[in-house]
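Biologist: Could you show me how to read side-chain contacts, burial and a ligand site from a set of coordinates?
Modeller: Happy to; let's take the features one by one.

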Amino acid sequence: MKKTILTGLRPTGNLHLGHLFGAGQNYIKLQDDYNFYLEIADVQALTDNFNNPEKVRKNVTEITIDLLSIGLDPEKVNFFIQSKIPEIAELTVFYSNLVTVARLERNPTVKTEIAQKKELFGNDGESITYGFLGYPVSQAADITAFDGEVVPVGEDQLPLLEQCREIVRKFNSIYGETLKEPKAILSETKRVKGLDGNEKMGKSLGNAIFLNDNDETIKKKVMSAITDPAKIKKDDKANPDICMVYYYHKLVNKKENNEKICTECKKGARGCVQCKKELIEAMNEFLNPIRQKRKYYEDHPEIVKEILDNGTKKAKQRAEEQLKKVKKSMKIDY
Ligand code: TRP
């Protein structure tokens with residue numbers, strides 16, 4: 001029997017290269033070997049976007065299309081929408097007895113996020129909502145509703161996984177062995193750097209290349225990418241290792257091209273403008289198959305809807321079974 005994987009994404013924006021290399025390619029490998037549930041976490045997205053429901057709504061479809069366009073196969077991956085599985089909300093209520101407020105406040109991921117969201121939660125997090133503070137509990141429900149054994153996530157999510165494991169242990173110790181403790185698997189690829197050279201590519205950092213960027217946008221973004229600041233003239237020698245243009249060549253261009261680019265750059269035999277033009281071409285070539293698939297799904301919204309409906313139906317059945325088991329253990333199976 002295949003093991004069950006569960007992972008989730010907040011529908012708050014389109015996917016970028018960071019998502020693709022950090023998570024997406026990992027999912028593509030995993031989809032063959034696991035029973036794969038992929039949650040579009042709209043309820044979680046609302047915890048810090050409760051005042052912007054249109055954004056969440058729009059991005060449920062957008063993110064699903066992004067994931068299909070990079071090669072996730074709906075025959076192998078069960079796409080589902082979190083809010084359509086009320087069992088997750090019920091589990092959240094039950095689990096909330098098993099975690100202290102102090103423990104949630106100490107969760108490093110939650111702490112970092114509160115600090116980043118001053119506009120929403122105040123300077124010292126004094127306006128933090130109950131819902132946001134509790135989202136790790138809801139995420140534990142996401143995972144355990146499907147008996148998720150393996151959870152592919154980025155490093156920033158490890159404290160949330162640990163929180164889930166603690167809830168599972170507590171549940172089992174009080175109500176008897178019922179839930180499985182999930183394990184995290186980290187994506188093999190490290191973070192993808194941003195156009196500005198920042199260690200992390202991020203939507204909110206304004207340094208991302210999105211999978212649905214068009215030719216014109218790619219051109220503008222690549223032209224703005226940071227190169228070796230010591231290279232001023234076309235024939236100055238430069239260090240490709242501190243150049244973002246070379247960094248992206250390595251991600252999307254062919255190996256033999258990159259070897260040539262590297263040697264020429266070091267020798268002062270290549271200008272940055274030429275190098276950027278070649279990157280624009282390589283980037284477009286890399287993105288074109290993704291764009292073509294995106295166009296197909298954009299032209300066929302009924303197919304996207306059907307994929308989400310089918311996946312959600314299967315997920316609902318699985319979560320219903322799990323909730324029965326949980327309620328029995330908790331002696332509320334009237
Ligand atoms: N918190 C995750 C993120 O921000 C998204 C998520 C929701 C998730 N539910 C999940 C990840 C369950 C793993 C498992 O990226």
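Biologist: Which side chains does a polar contact of 2.8 Å join?
Modeller: To read such a pair, look for N or O atoms within 3.5 Å. In this predicted model, the side chains of Arg-103 and Glu-166 are joined by a polar contact of 2.8 Å. Arg-103 sits in helix 5, residues 101-106.

Biologist: Is Arg-103 buried or exposed?
Modeller: Compare its relative accessible area with the cut-off: buried means under 20%. Arg-103 has 16%, so this arginine is buried.

Biologist: How should I read salt bridges, and how many does the structure hold?
Modeller: The general idea is that side chains of opposite charge can pair when their charged atoms come close. Here the structure holds 28 salt bridges. One of them is between Glu-87 and Lys-316, with an N to O distance of 2.7 Å. Glu-87 belongs to helix 4 (residues 86-95) and Lys-316 to helix 15, so this pair ties together parts that are 229 residues apart in sequence.

Biologist: How do Glu-87 and Lys-316 count by relative accessibility?
Modeller: Glu-87 counts as buried because its relative accessibility is 7%. Lys-316 has 25% and therefore counts as partly exposed.

Biologist: Which other pairs would you show me?
Modeller: Try Arg-169 and Glu-162, a salt bridge whose closest N and O atoms are 3.6 Å apart. Both partners can be read the way we just did: Arg-169 is partly exposed at 37%, and Glu-162 is partly exposed at 33%. Then look at Lys-193 and Glu-199, where the closest N and O atoms of the salt bridge are 4.0 Å apart. The cut-off for a salt bridge is within 4 Å, so keep that value in mind when you read this pair. Lys-193 is partly exposed at 24% relative accessibility, whereas Glu-199 is exposed, with 51%.

Biologist: Which residues are linked in a network of salt bridges?
Modeller: For a network, follow the links from one charged side chain to the next. Here you will find Arg-10, Asp-48, Glu-113 and Lys-117 linked in this way. Keep Arg-10 in view, as a polar side-chain atom of this residue also lies 3.4 Å from an oxygen atom of the ligand.

Biologist: What else should I read around the ligand?
Modeller: Start with the polar atoms and then turn to the cover. A nitrogen atom of the ligand is 3.4 Å from an N or O atom in the side chain of Glu-39. For the side chain of Gln-157, the distance from an N or O atom to a ligand nitrogen is 3.0 Å. On its own the ligand has 370 Å² of accessible area, and the protein covers 89% of that. Strand 1 (4-9), helix 9 (135-144) and strand 4 (150-153) are the elements that give two or more residues to the shell.

Biologist: How many residues surround the ligand, and how do they divide by type?
Modeller: There are 13 around the ligand, the closest being Gly-8, Gln-44, Gln-139, Asp-142 and Gln-157. By type, the shell has five nonpolar, five polar and three charged residues.

Biologist: How many residues of helix 9 are buried?
Modeller: Go along the helix and check each residue in turn. Ten of the ten residues in helix 9 are buried, which makes the helix mostly covered. Among them are Gln-139 and Asp-142, two residues we have just met in the list of those closest to the ligand.

Biologist: And where is Asp-147, and what is its phi?
Modeller: Asp-147 is in the loop between helix 9 and strand 4. Its phi is near 55°, a positive value in a residue other than glycine. At 8% relative accessibility, Asp-147 counts as buried.

Biologist: How do I read the span of helix 15?
Modeller: Compare the distance between its end C-alpha atoms with the expected value. Helix 15 (residues 301-329) has 29 residues and reaches 42 Å, close to the 42 Å expected at 1.5 Å a residue. Its buried residues include Val-304, Leu-308, Ala-315 and Leu-323.

Biologist: Which residue takes a positive phi just after helix 15?
Modeller: That is Lys-331, with a phi of about 60°. Lys-331 is exposed, at a relative accessible area of 66%.

Definitions and conventions:
Residues are numbered from 1 along each chain as its sequence is written. This is a predicted model: local features need pLDDT of at least 70, side-chain atom pairs count only at pLDDT 80 or more; totals for chains, interfaces and linings use all residues. Side-chain values use heavy atoms; hydrogens and water are left out. A residue is near a molecule or strand if one of its heavy atoms lies within 4 Å of it. A polar contact is a pair of N or O atoms within 3.5 Å; within protein, one must be able to donate a hydrogen and the other to accept it, and residues adjacent in sequence count only if both atoms are side-chain atoms. Accessible areas come from the Shrake-Rupley method with a 1.4 Å probe; for residues, only the protein chains shown count as cover. Helices (H or I, at least four residues) and strands (E, at least two) are DSSP runs, numbered from the N terminus. Ala, Val, Leu, Ile, Met, Phe, Trp, Tyr, Cys and Pro count as nonpolar, Asp, Glu, Lys and Arg as charged, and the others, Gly among them, as polar. The expected span of a helix is 1.5 Å times one less than its number of residues. Buried means under 20% relative accessible area, exposed over 50%, partly exposed in between (1.4 Å probe, protein chains only).
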